[in-house]
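Visitor: I'm new to this. Could you show me a structure and let me ask how you know what you say about it?

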Amino acid sequence: MSARAYVVAEFAAEAPLLAAARALRDQGHADLDLHSPVPLHGAEEALGLKRSVVPLIALVLGVAGAITGYLMQWWMVGVDFPINVGGRPPHSAPAFIPVTFELGVLFSALGIFFGLFKLWGMPRLHHPVFEVEAFRSASVDGLWLSAAVLPDRVPAVTAALTALGARQVEIVEDA
Amino acid sequence: MTTETRAAALADPLEPVPVLVGRPDDRALTASLTAPVLQPTRRGWLILVSVLMVGVGFWMLSLATTLVVGIGAWGNNIPVAWAFDITTFVWWIGIGHAGTLISAILLLFQQKWRTSINRFSEAMTLFAVAMAGVYPIIHLGRPWFFWWLMPYPSTNQIWPNFKSALPWDVFAISTYATVSFLFWFMGLIPDLATLRDTAPTRLKRVVYGIFAFGWRGSARHWQHYRIGYLLMAGLGTPLVVSVHTIVSFDFAISQLPGWHTTIFPPYFVAGAIFSGFAMVLTLMIPARKLLGLEQVITMKHLDNMAKVILATGLMVSYGYAMEHFMAWYGGNDGEAFAFLNRWTGPYAPIWYMQLACNVLVPQLFWFPALRRNLVVLFVASVLVNVGMWAERFMIIAVSLHRDFIPSSWAMYYPTWVDWGLLFGSMCTFGVLFLLFLRFLPVIPIAEVKELRRELDHDDFAAGHGPAAHALQAPEARP
């Protein structure tokens, strides 16, 4: 898999970009991506992406954080070192609510943030698509499609992208 | 029909001022929104930073004095054990709340006008929380042991007392600071990539490139980003309400007349939003002028913020009225005296200033002409924050100075260290904010591009978009 080439193509508008992604997928090219300065409506369907797991991460870690927070307080001031404050019982559930809530939020937010980096494959300061100088426009106004293909398929994919209306097609051989 | 007359004829009468002037394309938006960062440093910016650095020095001197001399350098004493320190803490943390409100709550309510101002307000939140965090720590007396607040297995063999409101504060403030930073940084990543790709010098490309962490605007990136951003907003919304609620518990859970009241949590949250929006206005009115951002931060934004200030100002006023009602209706002598003392006691001038700033000044915003007058908005926003600082001083120090036993009554007078910590923190906040204006995109570039597409779509749906055809593929154009 190491000897794959990237074919990178720029499109003038969103509709032909999404149509090209669908067409290449129908031709059996699975390793496609779209690059744009804003999220594109319909990109997930065009690429056949699965539902994001971020909500699941947020839920699991949020619940784990809340449980951790409650058990921590229960054990510290209820079991290990009971302190009598104003005659309240050592295990005093109402007093434990604020920290339980805050730790739930904290764990969930940390999980979302670091989970996103994991899912994004970041930090990754270099990527073959950055070899294309014109690809800089992907964060400004450019709409790009990138396909990771085996070297012998490069001519076919290049021809297909040109036929699908790409404004320019670039090839990164050494990926 | 010319474009102008057609636009006038079709304009929504309920939306007289747009949230985005014109419909600039992505390249023009990128150019105008990155300009403040990519241009060479301006002389005015340097002068402003230099002036504020004097205040930062004063702040450092006051902090050093506090560390060397101890709390005795302040005017605090028994019975007024909490004064400028906690007042300034609550004031800053309250200011911070507007950022999360704008970025999270208004996102969940799909308010389009939040887009251009959310980054700005989130940065304000971060710096305000950073300032707020200093005060509870230096107030500890031995701040070099501040980590004793954290539950870790120390050689002291004792844990924090989780039945006290003060350890709740530690968790609330540190969670709030962490989540605000993560939310702000997450929103910055696509824009840092834009800066990486448009910066004219190699140094800037490398530095912004490192902090963009390799963002490629990939469909996979955006898919997770969008859901992650929405979930962060969903977490931020209850969090922001919880933080000032917990801050108010520091007071409400105690027995002191003037503090011991159940209205504090909602009334503190309303006051926080009130002062936070005022601070956003105070910073935004000069910043949008200096950075040439009138196109994306329009009068519509300022007008909306003035309306929020009016609404929350009325809530705060209701809080004042209800506190007094309960003091009378509750029939508790201590409580009744605490509130009578506000009107007639030695600190009464501060009470009248608070009423003027927080109850009367927001009433200006009933008038649309005043909501769109920059001078009125700016002066009113400053006065609101003066009023909100006075409110916290009234609650904290003035409730304390008349203790249960008249023999322990005493006055509180701030020392130069107290004043240095107050004004120095404002200057430090100002420097941090100026650094933000200089080095990071103040307006979320990717989000404004998305906003423009949404506005185009709305125009198209209404059948009269000048740019509606831009959404269509070339072959689909008429």
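Guide: Sure! Keep in mind that this is a predicted model. Let's begin with chain A, where the domain assignment gives domain 1 (5-50 + 143-172) and domain 2 (54-120).

Visitor: How far apart are the centres of domain 1 and domain 2 of chain A?

Guide: Taken over C-alpha atoms, the centres are separated by 45 Å.

Visitor: How many residues does each chain bring to the contact?

Guide: Chain A brings 57 residues and chain B brings 55 residues. On the side of chain A that touches chain B, the elements giving two or more residues are helix H1 (14-26), strand S2 (32-35), helix H2 (43-47), helix H3 (54-80) and helix H4 (93-120). The largest share there, 16 residues, comes from H4(A).

Visitor: What kinds of residues make up that side of chain A?

Guide: They split into 41 nonpolar, eight polar and eight charged.

Visitor: Now over to chain B. Why is B:Phe274 called buried?

Guide: Count the neighbours: B:Phe274 has 30 other C-beta atoms within 10 Å. The cut-off for buried is 20 or more, so with 30 B:Phe274 counts as buried.

Visitor: Where does B:Phe274 lie, and which residues does B:Phe274 touch?

Guide: B:Phe274 lies in helix H9 (residues 264-290) of chain B. Leaving out residues up to four places away in sequence, B:Phe274 touches B:Ile309, B:Thr312, B:Gly313, B:Val316, B:Val384 and B:Met388.

Visitor: And how far is B:Phe274 from B:Pro362?

Guide: Along the sequence, they are 88 residues apart, while in space their C-alpha atoms are 9.6 Å apart.

Technical notes:
Residues numbered from 1 in each chain as written. Chains lettered and ligands numbered in written order. Predicted model: local features only at pLDDT ≥ 70, side-chain atom pairs only at ≥ 80, totals over all residues. Helix = DSSP H or I, 4+ residues; strand = E, 2+ residues; numbered from the N terminus. Buried ≥ 20, exposed ≤ 12 C-beta atoms within 10 Å, placed from the backbone. Contact = placed C-beta atoms within 7 Å. Domains from an automatic or database assignment. Nonpolar A, V, L, I, M, F, W, Y, C, P; charged D, E, K, R; others polar.
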